[in-house]
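Here's a quick briefing to read alongside the model. Have the viewer open as you go through the bullets.

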Number of protein chains: 2
Amino acid sequence: MNIKIGELARRTECQVGTIRYYEKEGLLPEPTRSGGNYRLYGEAHIERLQFIRHCRSLDMTLSEVRALQRYQDTPDQDCDEIKVLVDEHIHQVEVRIEELSQLKQHLVALLSKCSGVRTVGSCGILQGLSDCTCLLVSTDDSPTS
Amino acid sequence: MNIKIGELARRTECQVGTIRYYEKEGLLPEPTRSGGNYRLYGEAHIERLQFIRHCRSLDMTLSEVRALQRYQDTPDQDCDEIKVLVDEHIHQVEVRIEELSQLKQHLVALLSKCSGVRTVGSCGILQGLSDCTCLLVSTDDSPTS
DNA sequence: TACAGACCCTCTAGTTACTATAGAGTCAAG
DNA sequence: CTTGACTCTATAGTAACTAGAGGGTCTGTA
């Protein structure tokens, strides 16, 4: 079918530069080239790229994508490890949600420190950021990842 | 008081490299130097650094921190803009939480695609990642229970 | 006085997943 | 034969650090 990179980009809603980046990173196999050195892609490339983009839309890292691709290449293997990988990814997402919820609580508490007085010097928010009072809402503080 | 960078790092639970980085970025004023060219910090530096670290623990960017620092330097100004900044930051956090919650739903749905068969080839998770079926859970899809 | 070890210095490169640019080449239509 | 859309490679930039190389400083001990 032999489409050029721009067409592939349109079909997958992916930027041209991103496609070349995936190739450089070994996530997308090198396509054949035209006489004028243009990349020429086929069906397999479209599917492979869509796979990557779906994984990315699920917030997976490229190294997680690489791991899943290795499983794709060995279809007779036990699928337990894939489930473990997805499970762990779900866990990471849950942890991040929890962190952000705590964070939001801290921020709301911080906002309430504004005394209603109208100047920066007496506002309480900056004071709350200078001492620890803005961080006393929750049990443990976990810096972000 | 004149403490060296290692002591400052210990007191603020911040890495030495990070302190030098903040200085380079203009977030922390350049300290005086000893005869041997060592950085020598005082109380003001400790407070300033703690301020930065608290902001960072609230997931603020360094450019948000810079903005807040500018307010610190003009205590007679109206504090509304600070509230706006914090408000916007809270909003960003809320948006991210919502995104991650959707994401988690997608991932859980993906996990349920595993047919129970034990090989990668028939697992359904990789298939779900190749086509779009793992992304169909979203917004207005309410299965009955 | 010599030396070990802890600390400090600057500078550079690496991290993640791209995005954006520069400067050049290719190709089809007018 | 030129214009314009497209492509190529290579490089630098993003955020907020972290790690390392290769050196200097300082203090305590032999």
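A phosphate oxygen of DNA strand C sits 3.2 Å from a polar backbone atom of A:Leu62, a polar contact in the sense of an N or O pair within 3.5 Å (inside protein, one atom must be able to donate a hydrogen and the other to accept it, and sequence neighbours count only if both atoms are side-chain atoms). This is a predicted model, where local features need pLDDT of at least 70 and side-chain atom pairs pLDDT 80 or more, while totals for chains, interfaces and linings use all residues; side-chain values use heavy atoms, leaving out hydrogens and water. Residues are numbered from 1 along each chain as its sequence is written, with chains lettered from A and ligands numbered from 1 in the order written.

**DNA strand C**
- The side chain of A:Thr18 puts an N or O atom 2.6 Å from a phosphate oxygen of DNA strand C, and B:Gly6 has a backbone N or O atom 2.6 Å from one as well.
- In total, 18 residues surround this strand, the closest being A:Thr18, A:Tyr21, A:Arg56, B:Gly6 and B:Arg20; a residue is near a strand if one of its heavy atoms lies within 4 Å of it.
- Of the atoms of DNA strand C that come within 4 Å of the protein, 78% are from sugar and phosphate.
- Helices H2 (16-24) and H3 (43-57) of chain A and H1 (5-12) of chain B each bring at least two residues to the nearby surface, and H2(A) gives the most, with 3.
- Helices here are DSSP runs of H or I with at least four residues, strands are E runs of at least two, and both are numbered from the N terminus.
- That surface has 6 nonpolar, 6 polar and 6 charged residues, where nonpolar means Ala, Val, Leu, Ile, Met, Phe, Trp, Tyr, Cys and Pro, charged means Asp, Glu, Lys and Arg, and polar covers the others, Gly among them.

**DNA strand D**
- A phosphate oxygen of DNA strand D is 2.7 Å from a polar side-chain atom of A:Arg39, and B:Thr18 has a polar side-chain atom 2.6 Å from a phosphate oxygen of this strand.
- B:Leu62 joins in through its backbone, with an N or O atom 3.2 Å from a phosphate oxygen of DNA strand D.
- The nearest of the 18 residues around DNA strand D are A:Gly6, A:Arg20, B:Thr18, B:Tyr38 and B:Arg56.
- H2(B) gives the most to the surface near DNA strand D, with 3 residues.

**How the two chains relate**
- Chain A lands on chain B after a 180° rotation with 0.0 Å of shift along the axis, at RMSD 0.2 Å (least squares on C-alpha atoms of residues with pLDDT of at least 70 in both copies).
- That's the relation of a two-fold axis, and A:Ile97 has the chain A C-alpha nearest the axis, 2.7 Å away.
- The copies meet through the same surface, because 98% of chain A's interface residues are interface residues in chain B too.
- B:Lys83, in helix H5 (residues 80-111) of chain B, touches A:Leu111, A:Cys114 and A:Ile125, leaving aside residues up to four places away in sequence; contact means heavy atoms within 4.5 Å.

**Inside chain A**
- Chain A has 6 helices and 2 strands, running α-α-β-β-α-α-α-α along the sequence.
- Of its 145 residues, 41% count as buried, meaning under 20% relative accessible area, with exposed over 50% and partly exposed in between (1.4 Å probe, protein chains only).
- A:Leu129 in helix H6 (residues 125-130) is buried at 0% relative accessible area.
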